[in-house]
Amino acid sequence: MFYSVYGDILPLRVLEEISFWKLQEKEHALLLINSFVGLEPIYVDTLEQWAIDFEETEETSNDYLRAYGQSTLEEMYTIEELTPFIKYCFDESNAFIQFLAEMINNSIIVETLRFAPILTDHVIRESKYFIDITTSIITGEDIDFVIE
Ligand SMILES: [Fe+2]
């Protein structure tokens with residue numbers, strides 16, 4: 001059982017959060033490609049694939065949101081029904097975080113760029129923030145998270 005101040009519109013609130021952050025993650029993937037000049041092709045290709053994946057997830061979330069616009073309250077997806085999709089979104093962000101950590105440790109090019117760790121840390125932190133804030137919205141816990 002979930003407690004949330006959002007009541008019946010909780011699924012809507014969660015989907016809005018997902019759409020927003022999946023767009024951010026897509027932009028982050030593209031930002032890293034453009035910032036890390038000379039990055040090894042394997043990482044460029046993988047980041048391009050991440051951008052495509054995040055766009056698809058955002059689009060799925062937007063499809064759900066559009067469906068709400070056409071439904072009555074009884075027909076709306078419940079948060080329980082959306083749980084597999086929400087879990088997919090979290091798993092995707094966690095896999096992105098893992099990939100970035102691996103890239104920062106193994107890329108020769110990234111190692112030569114002084115600003116690379118700061119930028120990558122920012123991207124990792126925001127994906128973590130997406131998971132934390134969305135979890136907090138669902139569980140109704142107080143949000144105590146400082147974003148740097
Ligand atoms: Fe950002």
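I'll start at Met 103, which touches Tyr 43 and Val 110, leaving aside residues up to four places away in sequence. Bear in mind that this is a predicted model.

Those three residues belong to the largest nonpolar core, which has twelve residues in all. The other members are Ala 29, Leu 32, Phe 36, Leu 39, Leu 47, Trp 50, Phe 54, Phe 96 and Leu 100. Which elements give two or more residues to this core? They are helix H1, residues 10–35, together with H2 and H3. H2 gives the most, with four residues. There is also a second, separate core of nine residues, and Val 14, Ile 18, Trp 21 and Ile 86 are among them. As general background, nonpolar side chains in soluble globular proteins tend to be buried together.

Now the helix pairs, beginning with H2 and H3. H2 covers residues 41–69 and H3 covers residues 79–106. Their axes come within 12 Å and cross at roughly 165 degrees. That angle is over 145, so H2 counts as roughly antiparallel to H3. The crossing of H2 and H3 is left-handed.

Which residues meet there? From H2 we have Tyr 43, Thr 46, Trp 50, Asp 53, Thr 57 and Thr 60. From H3 we have Phe 85, Cys 89, Glu 92, Phe 96, Phe 99 and Met 103. By class, the residues of this contact divide into seven nonpolar, three polar and two charged. Tyr 43, Trp 50, Phe 96 and Met 103 appear in this contact, and they are also listed in the largest core.

Next, H1 and H3. Here the axes come within 11 Å and cross at roughly 20 degrees. With an angle under 35 degrees, H1 is therefore roughly parallel to H3. This crossing, too, is left-handed.

On the H1 side, the contact is made by Leu 10, Pro 11, Val 14, Ile 18 and Glu 25. On the H3 side, it is Ile 79, Leu 82, Ile 86, Cys 89, Ser 93 and Phe 96. The classes here are nine nonpolar, one polar and one charged. Val 14, Ile 18 and Ile 86 take part in this contact, and they were named a moment ago in the second core.

One last residue in H3 is Phe 90. Is Phe 90 buried or exposed? Phe 90 is partly exposed, because 16 other C-beta atoms lie within 10 Å, and being buried would take 20 or more. Its C-alpha atom is separated by 19 Å from that of Tyr 77, 13 residues apart along the chain.

Definitions and conventions: Residues are numbered from 1 along each chain as its sequence is written. This is a predicted model: local features need pLDDT of at least 70, side-chain atom pairs count only at pLDDT 80 or more; totals for chains, interfaces and linings use all residues. Axes are lines fitted to C-alpha atoms, for helices over the stretch in contact, and angles run from 0 to 180 degrees between N-to-C directions. Angles under 35 degrees count as roughly parallel, over 145 as roughly antiparallel, 65 to 115 as roughly perpendicular and the rest as oblique. A crossing is left-handed if the near helix is turned anticlockwise from the far one by less than a right angle, and right-handed if clockwise. Two residues are in contact if their C-beta atoms, placed from the backbone, lie within 7 Å. Ala, Val, Leu, Ile, Met, Phe, Trp, Tyr, Cys and Pro count as nonpolar, Asp, Glu, Lys and Arg as charged, and the others, Gly among them, as polar. A nonpolar core is a set of buried Ala, Val, Leu, Ile, Met, Phe, Trp, Tyr and Cys residues joined through C-beta atoms within 7 Å.
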